[in-house]
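Here are my notes on the model you asked me to look over. I've kept them as numbered points so you can follow along with the structure open.

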Amino acid sequence: MSPPPAGPVVTIGVHIADILARPIEYIPEGQDTVLVEQIRLTAAGSAAGTAVDLVRLGAEVHTYGAIGDDELGDFLVAVLTRHGVGTAGLSRRTGEQTAASILPIRPDGGRPSFHVPGANLGVAFADVDPEAVLRARAVHLGGMDVTFGLHDPEFFALLDRARAGGTVVTMDLLSNMPDLLAGAKAFLPHVDHVLPNLEQALAMTGTGDAEAAARALLAEGPAGALVTLGADGSLVATADGVLRVPAIPVPVTDTTGCGDAYCAGFIVGLLHGKDVPTAARWGAAAAAKVATGLGSDAGITDLDSTLALLGEAAAQGRG
Ligand SMILES: Nc1ncnc2c1ncn2[C@@H]1O[C@H](COP(=O)(O)OP(=O)(O)OP(=O)(O)O)[C@@H](O)[C@H]1O
Ligand SMILES: [Mg+2]
């Protein structure tokens with residue numbers, strides 16, 4: 001598959017250093033040590049994780065947000081740079097901690113987490129380069145429920161200007177906190193596609209099921225509302241109706257970052273000129289690749305192998 005048409009993708013929002021260990025069956029008593037198979041550190045979060053996946057799928061990516069002036073911040077810059085993500089737009093905040101999560105991954109892939117939000121909570125319009133947004137082919141907003149400083153009429157106006165110029169704007173959420181998610185509804189009139197998970201979609205809309213939530217999100221302005229349902233796939237709502245896109249069955253190691261990868265596959269599908277349902281299938285394939293390894297960057301290597309997985313699933317009537 002050829003690379004997407006030239007022009008950068010900009011990711012804005014949440015950057016997290018993930019520390020993952022697997023398999024974890026229990027937290028030991030007292031000072032006991034349990035040996036595990038694998039421990040990894042990754043660049044994650046709904047802006048950083050999606051940025052890495054977008055690069056793997058062939059896009060040029062520049063990311064914007066805030067991290068601390070600490071070792072975890074150094075780590076995020078180094079690892080994002082190594083993956084090929086442009087990090088000049090990351091603001092280093094003296095005296096603040098870089099956001100981080102500790103994720104003990106259960107044998108079945110389940111992932112409880114311990115999280116410090118840190119510098120993400122202070123991301124503001126001043127951290128965004130308006131020219132980069134206006135030049136971008138796509139802008140992905142990652143975690144607008146926790147980046148309160150971006151709830152700014154100036155930022156909304158910038159997104160509207162970019163969209164008027166042909167930029168596609170997508171949005172994902174981070175938390176499961178109803179108050180924060182309700183606050184992020186202010187973005188809906190200013191984005192083209194919103195991609196929450198089910199819990200987030202229900203909290204944002206106050207509805208009782210995925211289809212009602214997808215329709216309610218669509219009614220706020222976006223052209224597409226894609227509600228992800230974990231191993232049950234996703235519901236894709238557009239003006240043409242609501243359809244179910246299945247998850248692609250794979251041997252699951254860890255589902256951390258599947259939502260981020262779904263966003264990346266979806267965006268790259270759109271950049272290749274695909275319609276929303278087809279781009280959603282690209283998203284499901286990217287997410288399935290990520291589910292096969294430990295960490296949000298694992299398992300996803302390039303677009304060809306991602307589309308090959310989609311092709312195999314379709315041939316078996318499973319994708
Ligand atoms: N066990 C799985 N097997 C295959 N695909 C999966 C699995 N879990 C998730 N996916 C794929 O990933 C997509 C997104 O998953 P999910 O709904 O868990 O996102 P999320 O909760 O936003 O995750 P995160 O924000 O941690 O990245 C699903 O729509 C599905 O296509
Ligand atoms: Mg998510």
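**Around the ligand**

1. Start at the ligand: glycine 259 places a backbone N or O atom 2.7 Å from an oxygen atom of ligand 1. Keep in mind as you read that this is a predicted model.

2. Two further polar contacts are worth a click. The side chain of threonine 228 has an N or O atom 2.8 Å from an oxygen atom of ligand 1. Glycine 257 uses its backbone instead, with an N or O atom 3.3 Å from an oxygen atom of ligand 1.

3. For the wider surroundings, there are 19 residues around ligand 1. Those that come nearest are Arg111, Thr228, Gly230, Gly233 and Gly259.

**The cores**

4. Now the packing. The largest nonpolar core has 53 residues, and Leu54, Val61, Leu226 and Tyr262 have the most contacts inside it. Helix 1 (48–56), strand 4 (61–68), helix 2 (71–83), helix 8 (258–271), helix 9 (276–291) and helix 10 (303–315) each put in at least two residues. Helix 9 gives the most, with 11 residues.

5. Have a look at tyrosine 262 in particular. Setting aside neighbours within four places in sequence, tyrosine 262 touches Leu195, Leu226, Thr228, Ser234, Val236, Ala280, Gly283, Ala284 and Ala287. Thr228 on that list is also one of the residues that come nearest to ligand 1.

6. Don't miss the second core, which is separate and has 40 residues. Phe156, Leu158, Met204 and Leu217 are among them.

**The four-stranded sheet**

7. There is an open sheet of four strands, in the order 3-2-6-7, with mixed pairing. From one strand to the next the twist averages 15 degrees. Strand 3 (38–44) and strand 7 (114–116) are the edges; each has a single partner strand, so one side of each has no neighbour in the sheet.

8. Strand 2 (residues 16–22) pairs with strand 3 in the antiparallel sense over seven bridges, and alanine 21 has isoleucine 39 of strand 3 as its bridge partner. With strand 6, strand 2 runs parallel, joined by five bridges; here isoleucine 19 is partnered by isoleucine 102.

9. How covered is strand 2? Mostly: six of its seven residues are buried. Helix 2 lies across strand 2, strand 3 and strand 6 (100–104), and runs at about 80 degrees to strand 3. Helix 2 also supplies at least two residues of the largest nonpolar core.

Terms used:
Residues numbered from 1 in each chain as written. Chains lettered and ligands numbered in written order. Predicted model: local features only at pLDDT ≥ 70, side-chain atom pairs only at ≥ 80, totals over all residues. Heavy atoms only, no water. Core = buried A, V, L, I, M, F, W, Y, C linked by side-chain atoms within 4.5 Å. Buried < 20%, exposed > 50% of the residue type's maximum accessible area, 1.4 Å probe, protein only. Contact = heavy atoms within 4.5 Å. Pairing = 2+ DSSP bridges. Axes fitted to C-alpha atoms, helices over the stretch in contact; angles between N-to-C directions. Near = heavy atom within 4 Å. Polar contact = N/O pair within 3.5 Å; in protein donor to acceptor, adjacent residues only side chain to side chain.
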